[in-house]
Amino acid sequence: MPLVVSRARRLRGVVHAPPDKSISHRAVILASLAAGRSRISNYLDGDDNALTLEALSQLGVAFTRDEGEIIVEGVGAAGLAEAHEVLRTGRSAATMRFVAGLVAPEPHLTILSGVARTNERPMARIIDPLRAMGATVLGANGGTTPPLAVLGGSLRGVDWSLDIASAEAKTSIMLAALRAEGPTTVRTPLPCRDHTERLVQAMGVDVGRTDPTVVTLPGDRRDLLPLDFRVPGEMSVAVYWLVAGSVHPDADITITDVCMNPTRIGVLEALTSMGADISVVNETDGIEPVATLRVRSAQLHGTTITPDLVPRMIDEFPGFILAACLADGPTVIQGAEDLRNKKSNRLETVAQEYRKLGATIDVTSDGMTVAGGARLRGATTDSHGDHRLGNSLATAGLLAEGETVIENDGVIAATSYPAFIENLRRLAS
Ligand SMILES: O=C(O)C1=C[C@@H](OP(=O)(O)O)[C@@H](O)[C@H](O)C1
Ligand SMILES: C=C(OP(=O)(O)O)C(=O)O
């Protein structure tokens, strides 16, 4: 059913950020390799994360689940079982990339297949390094896209330079490297999310991190220590309220439990540079830092997002661009060409859908120019099956005149934010 959102008279209240999708994937995958029982609490109840659990179960990992808490029985030195059916990865590229790296050190055949858009997403970034480590990995389109077939075995460590700052590719290589012979080094052109590094370190591995773009793992088939970990809330969904709270003329919103990992807070830097009034309170540290954010109405002005900031706000663009549409003056986004490779082609789909609401956006080869100063009017829009676009369009509906309709195939609630619609209605009431 399409979601219909009307302009909010004001936006007030406290919302709790739902669990981080990326960290949820990583926590259960790493726990499956531990020698013993791990406890992961606040696991995201979303479609992508359910597929990661389904894949682990097919690989012989036992777990029990009670609401958001998952007890994972790690396989340790015994290793994973061979899956007898294709592992379904649905719309989740993270599941496909991570599980391919996880199974590569096993002498097993694993087939991974997604749906529709996922089967167009680039996989050479994991296929090439996993092959260099000794796995046989096949993909469609000359070894560049899903479905994937991984025939694993004994791997050797590599020194691999990714030509894109992809944390999913880095994690895929790191998962293979944990059980390879000898050390592995992964280099990225810019710093990108480091959740895997933090969790692996907490599980007893000596992670070498002298530079934020380089990570080294020792390899040599070590067991990981079990994990007792609570997944923090996600910045990439807090962004909807940070943007709505900034650009709505009568707003005061508090968002609790937001992960403040420095590799994820680029959008705070971007919004603050545009004049946003966002305060960070109660910051606590742990494997991941967490804080409460309070945002109040402010007049935003356009900015330039330079390539170095892009990986640190990569999933926030669909929401951030709404702020750019309503700021005074133009915003230029550079170095963001990989947005074409997400759950939708986010340069094209985001521009196309905000234009329907009255925004002026020129897409460039590596980003876009957003004119700013838009007067948004409700229209019928489409999420293109991409939760972050769907949730951003619903957020735009709070600011546009009249009614905004979002065709969304259920993704608005199902992928990353089960309570999104309830939270949106409550803030606007
Ligand atoms: O590491 C991760 O969990 C993710 C990294 C990013 O993808 P890339 O690695 O493709 O940039 C991001 O867009 C994705 O939603 C999750
Ligand atoms: C791109 C995303 O996820 P994935 O790469 O796992 O499909 C996302 O959720 O924004």
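Which pocket is the space taken by ligand 2? That space is the largest pocket (an open set of points on a 1 Å grid over the protein atoms alone, with protein on both sides within 12 Å along at least five of seven lines). The model shown in these views is predicted, so local features need pLDDT of at least 70 and side-chain atom pairs count only at pLDDT 80 or more, whereas totals for chains, interfaces and linings use all residues. Residues are numbered from 1 along each chain as its sequence is written, chains are lettered from A and ligands numbered from 1 in the order in which they are written, and side-chain values use heavy atoms, with hydrogens and water left out.

**View 1. Contacts of ligand 2.** Among the 13 residues around ligand 2 (those with a heavy atom within 4 Å of the ligand), Lys21, Arg121, Lys343, His387 and Arg388 come nearest. Polar contacts (pairs of N or O atoms within 3.5 Å) include one in which a polar side-chain atom of lysine 21 lies 2.7 Å from a ligand 2 oxygen atom. A polar backbone atom of arginine 91 is 3.3 Å from an oxygen atom of ligand 2, and the side chain of histidine 387 places an N or O atom 2.7 Å from an oxygen atom of this ligand. Ligand 2 exposes 300 Å² when taken alone, and the protein buries 98% of that (Shrake-Rupley areas, 1.4 Å probe).

**View 2. The shell around ligand 2.** In the space taken by ligand 2, which is the largest pocket, helix 3 and helix 12 (387-397) are the elements that give two or more residues to the shell (helices being DSSP runs of H or I with at least four residues, strands runs of E with at least two). By class, this shell has two nonpolar, two polar and nine charged residues. At least three of the residues around ligand 2 come from each of domain 1 (3-19 + 232-428) and domain 2 (21-230).

**View 3. Contacts of ligand 1.** The shell around ligand 1 consists of Ser22, Arg26, Arg97, Phe98, Arg125, Ser166, Ala167, Glu168, Arg193, Ile314, Asp315 and Lys342. An N or O atom in the side chain of serine 166 is 2.7 Å from an oxygen atom of ligand 1, while for serine 22 a side-chain N or O atom is 2.8 Å from a ligand oxygen atom, and for lysine 342 the corresponding distance is 2.8 Å. Taken alone, ligand 1 exposes 380 Å², of which the protein buries 93%.

**View 4. The setting of ligand 1.** Ligand 1 sits in the largest pocket (more than half of its atoms lie within 2 Å of the pocket's grid points). The elements giving two or more residues to its shell are helix 1 (21-33), helix 3 (93-103) and helix 6 (167-177). Three nonpolar, two polar and seven charged residues make up this shell. Because domain 1 (3-19 + 232-428) and domain 2 (21-230) both give residues to the shell around ligand 1, this ligand lies between them.

**View 5. Backbone geometry in two strands.** Proline 146 and proline 147 are joined by a cis peptide bond, with omega about 0°, and proline 147 belongs to strand 9 (residues 145-151). Asparagine 282, in strand 16 (residues 277-284), has a positive phi of about 50° although it is not a glycine.

Definitions and conventions: Polar contact = N/O pair within 3.5 Å; in protein donor to acceptor, adjacent residues only side chain to side chain. 1 Å grid on protein atoms, 1.4 Å probe; cavity = no way out; pocket = protein on both sides within 12 Å on 5 of 7 lines; lining within 4 Å. Nonpolar A, V, L, I, M, F, W, Y, C, P; charged D, E, K, R; others polar. Domains from an automatic or database assignment.
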